[in-house]
Amino acid sequence: MPKVDLDIEEVVLVFKLFGDRTRLAIMKLLETKQCCVCELTEAFDMSQPAISQHLRKLRDAKLVAEERRGQWVYYEINKQSDCYPLVQEVLDYIPAQTLLLEKMENARGC
C-alpha cells in the first residue's frame, strides 16, 4: 500500500485510540480474524455495551469496518483507511494475543 501523508490530527486520533489497552488488543485480534461483539465480550470478560463502545470509537475513526451477516455484525481492520499503514506498523510491535484468541475459541459462541 502506498504511503499517504496523514494530517497530524489523524495521527493523534490513532494514538489516542491505541492508548487504551482494550482497543489496542481488539485491533490486534482483528488483525487475525473478523470478530463479532459476542466473541469479544467472551475474550475480554467485558459487557456487550463496553465492547460496542470501543468498536464504535474505532469505527468512527474508520480504523475498523463492519459487515452485517444476518443478526450479527462482524468487525475487521479497515485496510482501505488512509491510516492503515500506520495502524499496521503499530500492530507489528504488539505480540499475538494468543490467550484472548483461545478464550474466544473456547467460548460457547454467539
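This briefing covers a helix pair, a nonpolar core and one loop residue. The model is predicted, so that local features need pLDDT of at least 70 and side-chain atom pairs count only at pLDDT 80 or more, while totals for chains, interfaces and linings use all residues. Residues are numbered from 1 along each chain as its sequence is written, and side-chain values use heavy atoms, with hydrogens and water left out.

**Helix pair**
- Helix α1 (residues 8–18) and helix α5 (residues 84–91) pack at an angle of about 35°, and their axes are 11 Å apart; axes are lines fitted to C-alpha atoms over the stretch in contact, and angles run from 0 to 180 degrees between N-to-C directions.
- Val11, Val14, Phe15 and Phe18 of α1 meet Leu86, Val87 and Val90 of α5, where contact means heavy atoms within 4.5 Å.

**Nonpolar core**
- The largest nonpolar core (buried Ala, Val, Leu, Ile, Met, Phe, Trp, Tyr and Cys residues joined through side-chain atoms within 4.5 Å) has 32 residues, and those with the most contacts inside it include Phe18, Ile26 and Val87.
- Among the elements giving two or more residues to this core are α1, α5 and β3 (72–77), while α2 gives the most, with six residues.
- Leaving aside residues up to four places away in sequence, Ile26 touches Leu40, Phe44, Ile51, His54, Leu55 and Leu58.

**Glutamine 97**
- Gln97 lies in the loop between α5 and α6 and counts as buried because its relative accessibility is 18%, buried meaning under 20% relative accessible area with a 1.4 Å probe and protein chains only.
- A polar atom of the Gln97 side chain lies 2.8 Å from the backbone oxygen of Pro95.
- Gln97 also touches Ala25, Lys28 and Leu29, not counting residues up to four places away in sequence.

How values were computed. Helices (H or I, at least four residues) and strands (E, at least two) are DSSP runs, numbered from the N terminus. Buried means under 20% relative accessible area, exposed over 50%, partly exposed in between (1.4 Å probe, protein chains only). A polar contact is a pair of N or O atoms within 3.5 Å; within protein, one must be able to donate a hydrogen and the other to accept it, and residues adjacent in sequence count only if both atoms are side-chain atoms.
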